[in-house]
Amino acid sequence: MTAYQPINTHTSGHRFDKERRWAAALSLGFESRNEGAAAPITRLVRRHHVGPLRVQRPFYPEGKTGCCHVYLLHPPGGLVSGDELRIEATVAEGGHALLTTPAAAKLYKADSHGVAWGQHTHLKVAKNATLEYLPQETIAFDGSRGEQTTTIELETGAKTLGWEVLALGRPASDLPFATGELEQRFRLSLDGKPLWLERQLLDPKHRRFTGHWGQGGATVQATLWAVGLDEAAAIEALREQLPEHNRWAVTRRRGVLLLRYLGTERNEAWALCEQAWHILRPMLTGLQAHTPRIWLT
């Protein structure tokens, strides 16, 4: 059931000064239920939204008792100054959900007041549950200003795999990311104890952005994470099966597998993450990767 909540026009209304803010939020809950089938079924049991952020209905392309696929819909298709998106998803014990998006997200140039946007994702996975978070890529336009945070809370026995692909500027249109400022934060914890904390500032005017010791002028980056598999075997499989080049690397730390890409080709970064998912998913869940239909449209 979808719950409709009133929007406070003071905190989320039609303002055009430096205090402008337009909020949207989505909260999802998944549970594993015994409904007389051969195996439990993961159901979307909670779906609350405020503003233009929602889901339509869950899909079961892997079978009725398989993974529950859900598409996160944001009809505007991008973030402008003052936008504030909050996404929360919880998978209860025994559940298995996959979240993705129908298209690339766009981060538009800040307004004349330099008002920033915000996008905050909070994922919670209970013991013996699995969550795959596979959004399509994000494209930051020149002059964009904002903060993007991803928080993942796991219980012992939980499994997760996800990624974030970010393209800076639109080089094909000769519109590089020359101004603006982005901040990315990642936090992944197990039973309340942090396993992976990361903060990254992307400022094209800072020497780190072009220095070989930093961004090196790269315009596309990606991070893939996985928790709950045999890390050594997974790293070996990735090194054997992914294309050999110096634009990606894989490592592990405190039970978290991390695959990184740093280059200039958005399609290459996406293809690398998707191929890695096809390799890792059977090792994580015992199931072959099943490409979401929305990626093919």
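Strand 16 gives the largest share of the lining of the largest cavity, 3 residues. The model is predicted, and the cavity holds about 40 Å³ of space. Its lining is made up of E164, L166, Q184, F186, Q221, A222 and T223. Three elements each give two or more residues to this lining: strand 13 (159-168), strand 14 (181-190) and strand 16 (220-227). By class, 3 of the lining residues are nonpolar, 3 are polar and 1 is charged. The charged one is E164. L166, F186 and A222 are the nonpolar ones. Q184, Q221 and T223 make up the polar set.

How many cavities of 30 Å³ or more are there? The count comes to 2. The second largest has a volume of about 30 Å³. L107, W117, G146, Q148, L166, L182, E183 and Q184 line this second space. Strand 14 gives the most here, with 3 residues. Strand 12 (145-154) also supplies at least two residues of the lining, as does strand 14.

The chemistry of the second lining can be read in the same way. It has 4 nonpolar, 3 polar and 1 charged residues. E183 is the charged residue. L107, W117, L166 and L182 are nonpolar. The polar residues are G146, Q148 and Q184.

Now set the two linings side by side. L166 and Q184 appear in the lining of the largest cavity and again in that of the second largest. Strand 14 supplies at least two residues to the second lining, and two or more to the lining of the largest cavity.

Methods
Residues are numbered from 1 along each chain as its sequence is written. This is a predicted model: local features need pLDDT of at least 70, side-chain atom pairs count only at pLDDT 80 or more; totals for chains, interfaces and linings use all residues. Side-chain values use heavy atoms; hydrogens and water are left out. On a 1 Å grid over the protein atoms alone, a cavity is a set of points where a 1.4 Å probe fits but cannot get out, and a pocket is an open set with protein on both sides within 12 Å along at least five of seven lines; lining residues have an atom within 4 Å of a point. Grid points are joined across faces, edges and corners, and a volume is the space filled by probe spheres set on the points. Helices (H or I, at least four residues) and strands (E, at least two) are DSSP runs, numbered from the N terminus.
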